[in-house]
Structures are given as structure tokens and as C-alpha cells.
Amino acid sequence: MGSSSLSFLVLLTLLLVMKNVECNPNYGEALAKSLLFFQGQRSGKLPPNQQIKWRSNSGLNDGAKANVDLSGGYYDAGDNVKFNFPMAFTTTMLSWSTIEYGKRMGSNIKEARDAIRWGTDYLLKCATSTTGKLYVGVGDPNVDHKCWERPEDMDTSRTVYWVSSKNPGSDVAAETAAALAAAYVVFRKVDPTYSKMLLRTAKNVYQFALQYQGSYSDSLGSAACPFYCSYSGFKDELLWGAAWLFRATNDVKYYNLVKSLGADDQPDIFSWDNKYAGAHVLLSRRALLNGDKNFEQYNQEAENFICKILPNSPYSSTQYTHGGLMIKHPDSNLQYVTSITFLLTTYSKYMAATKHTFKCGNVVVTPNTIRNIAKRQVDYILGENPLKMSYMVGYGPNFPKRIHHRGSSLPSIAAHPQRIGCQGGFDSFFYSSNPNPNILVGAIVGGPNQNDQFPDFREDYSHSEPATYINGAFVGPLAYFAGIH
């Protein structure tokens, strides 16, 4: 081979390497932004170190209708309602992300803990303010959704919702217990006093969920449905809550509870509503990392779930777009993508630690098989897709500009001190084709449709609305890939 040919080959190799380096998303930047998003969703009195400056204090009197202080917590998505069922799941996933991937987060670990604590401080109030009651939400969703106003201007009824022995809510109670137990593991060493309070409350709330069984959807009616109806029932949350309490305490009581809950569903989804797959992966850790044969059932169930997700598996029930994105639902699809991707990175991490492989039919599945599918989902969300559109606001050169989000789409208090009433925001802002004046950095929207298309249209809430639980599950995979590169 001549020297010119050799030089050409070297140049070509260099160009390919540069192209790969250039195309790889900046996972560390995306991780920092995914956590910053939670500051934009805060309700209550904002701290001095608030970085998203266009937000101000809001909902300071939340709970007043029940004579309790329920200020704080998060608005779930683009509205001004605090729904504890998805908020607790978000908090659980942020905690799980920090437990699994904290060592890969670098300086972002502080922001992750802050995001968790903003959720748990509120959940503790909900669980301990009134004996015999668990508060599960603030704000009438049916009234709130008729308004387009800033959270700082809210004049809607801040109705307080709760569950009790007479009106049970095992699903929301067990999810709250899971969130508090998972956060206990996060804070155990860095804040022992706080963590003890988390664990004590988690145990009490779980006992309430177990003792007074029933679905919060039945107790709350139109305040829960169709917004966050517990479609999968409450048995998955009872399993999930017991699994987290076992992880937190290692107490055989919770192991026996996990076992007593018996055979359960094996879905092909994981979300704020359906926790089975998450519980299976969480419990499988004992089988894979500790070699504990008592947990092999969950190992098998986790692998059955993954066989339903992988595109080349004979048991796959998961569709993918031409661009490579998992499709689970036409509305807010990315919530399922981020949650499932979390389970993929976590199970592949467990597998890699023990050089474990398994089969879906005749297809051999290695840690890399799962990791590659997870990476494809993460990279797609961050802009490696047919539209070259990042579905994380403020990340990359091209991202959604007209997200379905009240605070982001309306001028800030600083820019427009005059109040904007319930109906005042529709004509000038909601129906406007202008980009949102405030960039909600880090927000991940509902995402593209099954044809990889995204209209970036504010009224199209099923694709353009961000949500806490989309981000909550994405923090882990971002930390995983940020730690590798």
C-alpha cells in the first residue's frame, strides 16, 4: 500500500472518530438540566438558591382548607395541581436513580438530593399532619384545567384531598411509603436524623395501605380520574412499597409481605400507574448481586419483562418507530420510554457485575444487548432522531419552543407584574404561535408520534406537555451514560 493510501486511511479513521465524538450526546450536561427542571415545577416558598428565576412563590396557603400546612411539593406537569400519586412515584424514581447511579453523578448529586427532598418534605407533611389521614393532593384538577394562569396568580379553589380508613387509597399510600423508604436509603448516611423520620413515616403509611385496602380512584372519583386513575389497581403498589421497605430495612417482615402478595402480573410497561416491572427489577438485585436463590423468581420476571421490550426478541410486544424510538402509547409516550429505559440500564448494570446472560427464546441477551437499546432511547430523546430534535427543552440547538406549560408560556412576574386571571392567559399566550417566553430548562415533553413527527404545538398536550415523572425516571439513565463517557 502506498503512503498516500495510508494517509487517506488514517484521515478517514480520524474523521470517523471525530464524527463519533461529535455525535455522542453530552450526557453530563443533560443530567444537570434534567435535575434543574424540577426547580421550575416547585410549589411553595422558593429558596434563595433557586436557579430558575422566572418562577416565584406560589401555593403558600395550600392545605388551609383542611387547617393544615401542605405548601411545597411539585406541580405534576403543565398545570398547577399537586397530584401525590405521580409525585410520589417521581420521588421514588429520583431516589432509585441516586441509589443506583449516585457515584456517577459527580457534583450533580447535591441537586439530585435537593430534588428528592423537595418532594419528601411535602410528602412527610401529607403523611403526618392529621392522625388517620393521608393527604393526597391539592387543587381541583377540573377547575384548574379550565384556567391558563401562572402558579403565582392562582385564584382557583385549592381543594384538599385525602384518604382514610373509611375512604382508602392503598395505591397512593403504598407509593408514598415507597418514596419515603427509597429516600431513607439516599439520606441514611448524609442526614441520619431526617432519614429516620422518613423510614418511620414510610412504615406507618405502608401499614395504613395494607390495613385499609382499596383504590384511591374509588375514594376520590373525579379528582383522580381521568387524570391519574389507578388503572392497574393497588396490588402493584403494595408489592413495590414492600420491596422498597425490604431494601431499606432488610427486615424479614417485608420479605414475607413481598412473598405473601403472591403471583402477580407480568406487564410490558412501567409507569406511575403500573409498578410490577420496577418491583421485579428491584427485587432481582438480590438474586443477581447476592446470589440469593429466594429471589430468583423476580430475576425470571425481570427477564420476561425485558424479553417483551427488546426488538429482536421472539416475545417482543413493543413497537419501535423507523427512527428507533420505543412506542408504548400515543399520549405522552416518553414517560414510558424513560421509565423502561431506567429498568434496562439498571438490569444491564446488575448483569454486567456478575457476567450474567439469559435467553429470550433462542436469542442470547448480554448486558450490552440491553445497554444498546437503552442508549438508543436516551440518544433519540437528546436529538439523534429523524427530526434532529432534542425533546429536552434547553438542550441542543433544536428543542420544543411551545411547550404546554402555564408558567413557561406566560410572562414572568418580573416581566409582567400585573395579575393574569384564570381566563386571561388563553388568547394572548396559550393560542399564540410565538415561542414560550420562559425556557423550562431540562423539561422532557411527551415526545413525537409513531411516525417520528413532532408539531411543537402548545395545544397538543399529549406530545408537548412535560411532566415530573418523565424526568424522574430519566435521571438514572443519564447518570449511567455520563459515568461511562
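Disulfides and overall build of a predicted chain

Visitor: In this predicted model, with what torsion about the S-S bond, and with which handedness, are cysteine 307 and cysteine 360 linked?

Guide: The link of cysteine 307 and cysteine 360 has -90 degrees about the S-S bond, which is left-handed. Cysteine 307 lies in helix α12 (residues 296-309) and cysteine 360 in strand β6 (residues 358-360), so the pair ties together parts that are 53 residues apart in sequence. The handedness asked for, with a torsion of -90 degrees, is left-handed.

Visitor: Is cysteine 360 buried or exposed?

Guide: A residue is called buried when its relative accessible area is under 20%. Cysteine 307, the partner of cysteine 360, has 4% and meets that condition. Cysteine 360 itself is at 0% relative accessibility, and therefore counts as buried.

Visitor: How many residues apart are cysteine 147 and cysteine 422?

Guide: A disulfide joins cysteine 147 to cysteine 422, with 2.1 Å from S to S. The pair links distant parts of the chain, since cysteine 147 sits in the loop between α5 (141-144) and β3 (160-164), whereas cysteine 422 sits in the loop between α15 (406-409) and α16 (424-430). Their separation is 275 residues.

Visitor: Is the disulfide of cysteine 225 and cysteine 229 right-handed or left-handed?

Guide: The sulfur atoms of cysteine 225 and cysteine 229 are joined at 1.9 Å, and cysteine 229 is buried, with a relative accessible area of 11%. The torsion about the S-S bond of this pair is about 95 degrees, so the disulfide is right-handed.

Visitor: Why does cysteine 126 have no bond to the closest cysteine sulfur?

Guide: A disulfide needs cysteine sulfur atoms within 2.5 Å. Cysteine 126 counts as buried at 1% relative accessibility, and the closest cysteine sulfur to its own belongs to cysteine 225. That sulfur is too far for a bond, at a distance of 19 Å.

Visitor: Which pattern do the disulfides of the chain follow?

Guide: The structure holds three disulfides, and the pattern is found by counting the bonded cysteines along the chain. Read in that way, the pattern is 1-6, 2-3, 4-5.

Visitor: What is the radius of gyration of the chain?

Guide: The secondary structure of the chain comes to 18 helices and seven strands. For 485 residues the globule rule gives 23 Å, and the value for the chain is close to this, so the chain is as compact as a globular protein of that length. The radius of gyration is 22 Å.

Key
Residues numbered from 1 in each chain as written. Predicted model: local features only at pLDDT ≥ 70, side-chain atom pairs only at ≥ 80, totals over all residues. Heavy atoms only, no water. Helix = DSSP H or I, 4+ residues; strand = E, 2+ residues; numbered from the N terminus. Rg over C-alpha atoms; globule rule 2.2 N^0.38 Å. Buried < 20%, exposed > 50% of the residue type's maximum accessible area, 1.4 Å probe, protein only.
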